Amino acid sequence: MYKIALTGGIGTGKTYLSNHFVQMGIPVFYADDEAKKIYQDKEFIQSLCRAFGTEILFSDGRVNFRQLSSLVFSDEDKLQTLNAMIHPWVMRKFEEWAAKQSCNTVMMEAAIVFEGNLTHYFDKIIVADAPLELRIQRIMKRNPEWTREEILQRMARQMPQEEKCRRADLVVCTGETYAEGLKFI
């Protein structure tokens with residue numbers, strides 16, 4: 001089975017592009033969606049509490065993502081700890097999902113393929129790219145509760161977009177409108 005990763009920094013248009021691959025008949029596994037499910041798993045929540053303390057939970061036992069984010073995005077070691085915890089779970093789910101697909105090509109959409117050292121799982125890596133200010137505008141529209149500073153802080157914790165583009169097998173630049181990127185697909 002041929003495995004493709006679609007990656008890129010936050011706000012680059014990964015999900016928009018992945019929807020076009022789905023329309024072409026390539027099934028796409030959305031790593032962020034799967035990670036959200038994993039964060040509801042009792043065993044995973046227990047491991048989070050052992051690593052970061054119970055203050056990352058709401059009183060009902062659910063993960064308080066705002067609290068967890070403020071903790072890990074302000075400390076590189078904690079961010080690496082979290083990534084080392086979640087990546088194996090996500091990749092195991094991806095492999096299980098891929099084995100159930102009936103076609104010969106599958107895709108995973110994930111923001112941190114390079115940062116998570118996940119490239120060895122894939123035959124090709126596609127990077128979605130867009131100008132910084134456009135990315136910030138897209139993120140603020142999608143997440144109006146985030147400040148510009150919070151967005152820039154999250155971006156700073158990811159590999160620079162230029163480095164992702166350099167490592168890619170293919171770069172799709174989404175430009176001022178997402179439609180501009182479609183000429184590359």
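Which residues does Arg-154 touch, not counting residues up to four places away in sequence?

1. **Arg-154 and its surroundings.** To begin with the question above, Arg-154 touches Ser-69, Phe-73 and Trp-146, once residues up to four places away in sequence are left out of the count. The model examined here is a predicted one, and in this model Arg-154 lies in helix 7, which covers residues 148–157. With a relative accessible area of 22%, Arg-154 is partly exposed, because the label "buried" is kept for values under 20% and "exposed" for values over 50%. Arg-154 also shows how the chain can bring separated positions together in space, since its C-alpha atom is 9.4 Å from that of Ser-74, although the two positions lie 80 residues apart in sequence numbering.

2. **The overall plan.** The protein has eight helices and five strands, and when these are read along the sequence they follow the pattern β-α-β-α-α-α-α-β-β-α-α-α-β. The radius of gyration is 17 Å, close to the 16 Å that the globule rule gives for 185 residues, so the protein is as compact as a globular protein of that length. Along its principal axes, the C-alpha trace spans about 50 × 40 × 25 Å.

3. **Inside, outside and charge.** Of the 185 residues, 49% count as buried, while the accessible surface comes to about 10,100 Å², with 51% of that area belonging to carbon and sulfur atoms. Among contacts between residues at least 6 apart in sequence, 72% join residues at least 24 apart. As for charge, there are 24 positive and 25 negative charges, and their mean positions are 2 Å apart.

4. **Helix 1 and its buried face.** In helix 1, the residues Lys-14, Leu-17, Ser-18, His-20 and Phe-21 are buried. Seen down the helix axis, these buried residues fall within an arc of 150°, so they line one face of the helix. A general property of helices helps here: an α-helix has 3.6 residues a turn, so residues three or four places apart point the same way. The cover over the buried residues of helix 1 includes strand 1, strand 2 (28–30), strand 3 (105–109), strand 4 (124–129) and strand 5 (170–173).

5. **Ser-18, one residue of that face.** Ser-18 is found in helix 1, and at 0% relative accessibility it counts as buried. Leaving out residues up to four places away in sequence, Ser-18 touches Leu-6, Val-28, Tyr-30 and Glu-109.

6. **The two sides of helix 1.** Ahead of this helix, Thr-12 lies in the loop between strand 1 (2–7) and helix 1 (14–23). A student might expect a loop residue to be open to the outside, but Thr-12 is buried, with a relative accessible area of 0%. Beyond residues up to four places away in sequence, Thr-12 touches Ala-128, Asp-129, Ala-130, Arg-135, Arg-138, Gln-161 and Thr-174. Just after helix 1, Gly-25 takes a positive phi of about 95°.

7. **Asn-117, a contrasting loop residue.** Asn-117 lies in the loop between strand 3 and strand 4, and this residue is exposed, with a relative accessible area of 58%. Its phi is near 55°, which is a positive value in a residue other than glycine. For background, most residues other than glycine have a negative phi.

8. **Thr-105 in strand 3.** Thr-105 is found in strand 3 and counts as buried at 16% relative accessibility, because that value is under 20%. When neighbours within four places in sequence are set aside, Thr-105 is in contact with Tyr-2, Ile-4, Ile-26 and Pro-27. The C-alpha atoms of Thr-105 and Lys-78, which are 27 residues apart along the chain, are separated by 35 Å.

9. **Leu-82 in helix 5.** Leu-82 has its place in helix 5, which is made up of residues 76–99, and it counts as buried at 7% relative accessibility. Not counting residues up to four places away in sequence, Leu-82 touches Tyr-39, Leu-48, Phe-52, Leu-68 and Val-72. Leu-82 and Arg-62 are 20 residues apart in sequence, and their C-alpha atoms are 16 Å apart in space.

Definitions and conventions. Residues are numbered from 1 along each chain as its sequence is written. This is a predicted model: local features need pLDDT of at least 70, side-chain atom pairs count only at pLDDT 80 or more; totals for chains, interfaces and linings use all residues. Side-chain values use heavy atoms; hydrogens and water are left out. Helices (H or I, at least four residues) and strands (E, at least two) are DSSP runs, numbered from the N terminus. Buried means under 20% relative accessible area, exposed over 50%, partly exposed in between (1.4 Å probe, protein chains only). Contact means heavy atoms within 4.5 Å. The radius of gyration is taken over C-alpha atoms; the globule rule is 2.2 Å times the number of residues to the power 0.38. Accessible areas come from the Shrake-Rupley method with a 1.4 Å probe; for residues, only the protein chains shown count as cover. Lys and Arg count as positive and Asp and Glu as negative; His and the chain ends are not counted. The place of a charge is taken as NZ of Lys, CZ of Arg, CG of Asp or CD of Glu. The arc is that of the directions from the helix axis to the C-beta atoms.
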